[in-house]
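Here are my notes for a colleague who is meeting this structure for the first time. They are set out as numbered points, to be read alongside the sequence and the model.

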Amino acid sequence: VSTQSTWVYIGRPRFACPEALFQPEIMGREEGGIHELAFNSIQKCDLDMRRSLYETVVLSGGSTMFEGFGNRLSAELTKLAPPAVEVRVISPPERKYSVWMGAAVMASLSTFQQQWVLLSEYEEAGPSIVHRRCDTLVSSLS
């Protein structure tokens, strides 16, 4: 990158950031990589749903915008998935904003409005109000 004859070289950090998603140990973390987390999540689902989940992994969020992310996730997940299952990772072009779009739709639902936390409620109860509302939501879905 050059600005007014000043050069900035972007080397290892450009690759280390997205690599940490697949190898958290390079950042001193003990968790599995994103491919392992996805695999473990799928494996916790009913057996009859797993094939469909492997075939429709949909990326969303800004971190999925790293160059080659979808291909890498597909390759790593394929190594973990049962051999007879085709892994298909879908990388929609609008995935950078998918999380926000989904949240906007959910927030507009009248059934979700009971989960809203008003500023006055937050100021009175603090962060614990969020946990209480989430627990209520999870209980109602069960």
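1. In this predicted model, the side chains of Lys79 and Glu76 meet in a salt bridge, with 3.7 Å from N to O. The two residues are three apart in helix H4, and therefore about one helical turn separates them. Their surroundings are worth comparing: Lys79 counts as exposed because its relative accessibility is 63%, whereas Glu76, with a relative accessible area of 14%, is buried. The pair also belongs to a network of salt bridges that links Glu19, Arg72, Glu76 and Lys79.

2. A search of the whole structure finds five salt bridges, and one of them joins the side chains of Arg133 and Glu121 at 2.7 Å, N to O. Arg133 lies in helix H7 (residues 128-141) and Glu121 in helix H6 (residues 119-125), so this pair ties together parts that are twelve residues apart in sequence. Arg133 is buried, at a relative accessible area of 18%, while Glu121 is partly exposed, at 24%.

3. Another salt bridge is formed by the side chains of Glu31 and Arg29, again with 2.7 Å from N to O. Here Glu31 is partly exposed, with a relative accessible area of 40%, and Arg29 is likewise partly exposed, with 47%.

4. Which residues touch the most other members of the largest nonpolar core? Of its 13 residues, these are Tyr54, Leu73, Leu77, Val87 and Val89. Helix H2 (34-43) and helix H4 (69-80) each supply at least two residues of this core, and the largest share, three residues, comes from H4. Leaving aside neighbours within four places in sequence, Leu73 is in contact with Phe22, Ile34, His35, Val57, Leu59 and Val89.

5. Is His35, a residue of helix H2, buried or exposed? His35 counts as buried, because its relative accessibility is 9% and the limit for that class is under 20%. Not counting residues up to four places away in sequence, His35 touches Phe22, Leu73, Glu76, Leu77 and Leu80. Glu76, which takes part in the salt bridge with Lys79, is thus also among the contacts of His35.

6. The count of aromatic pairs comes to one. Phe22 and Phe69 form this pair, which is tilted, with 5.4 Å from centre to centre and 45 degrees between the planes. The pair links distant parts of the chain, since Phe22 is in helix H1 (residues 12-22) and Phe69 in helix H4, 47 residues apart. Both Phe22 and Phe69 are buried.

7. On the surface, Tyr97, Trp100 and Met101 make a nonpolar patch of about 410 Å². Trp100 lies in helix H5 (residues 95-108) and is exposed, with a relative accessible area of 67%. Lys96 also has its place in helix H5 and is partly exposed, at 43%. Although Lys96 and Met65 are 31 residues apart in sequence, their C-alpha atoms are 6.7 Å apart in space; beyond neighbours within four places in sequence, Lys96 is in contact with Gly61, Gly62 and Met65.

8. For the chain as a whole, there are seven helices and four strands, which run β-β-α-α-α-β-α-β-α-α-α from the N terminus on. Buried residues make up 23% of the 142 residues, and the accessible surface comes to about 10600 Å², of which 59% belongs to carbon and sulfur atoms. Among contacts with a separation of 6 or more, residues 24 or more positions apart account for 50%.

Conventions: Residues are numbered from 1 along each chain as its sequence is written. This is a predicted model: local features need pLDDT of at least 70, side-chain atom pairs count only at pLDDT 80 or more; totals for chains, interfaces and linings use all residues. Side-chain values use heavy atoms; hydrogens and water are left out. Patches are made of residues with over 30% relative accessible area and no salt bridge: like charges are joined within 9 Å, nonpolar side chains (Val, Leu, Ile, Met, Phe, Trp, Tyr) within 5 Å. Accessible areas come from the Shrake-Rupley method with a 1.4 Å probe; for residues, only the protein chains shown count as cover. A salt bridge is a side-chain nitrogen of Lys or Arg within 4 Å of a carboxyl oxygen of Asp or Glu. Buried means under 20% relative accessible area, exposed over 50%, partly exposed in between (1.4 Å probe, protein chains only). Contact means heavy atoms within 4.5 Å. A nonpolar core is a set of buried Ala, Val, Leu, Ile, Met, Phe, Trp, Tyr and Cys residues joined through side-chain atoms within 4.5 Å. Rings of Phe, Tyr and Trp (its six-membered ring) pair if their centres lie within 6.5 Å; planes under 30 degrees apart count as stacked, over 60 as edge-to-face and the rest as tilted.
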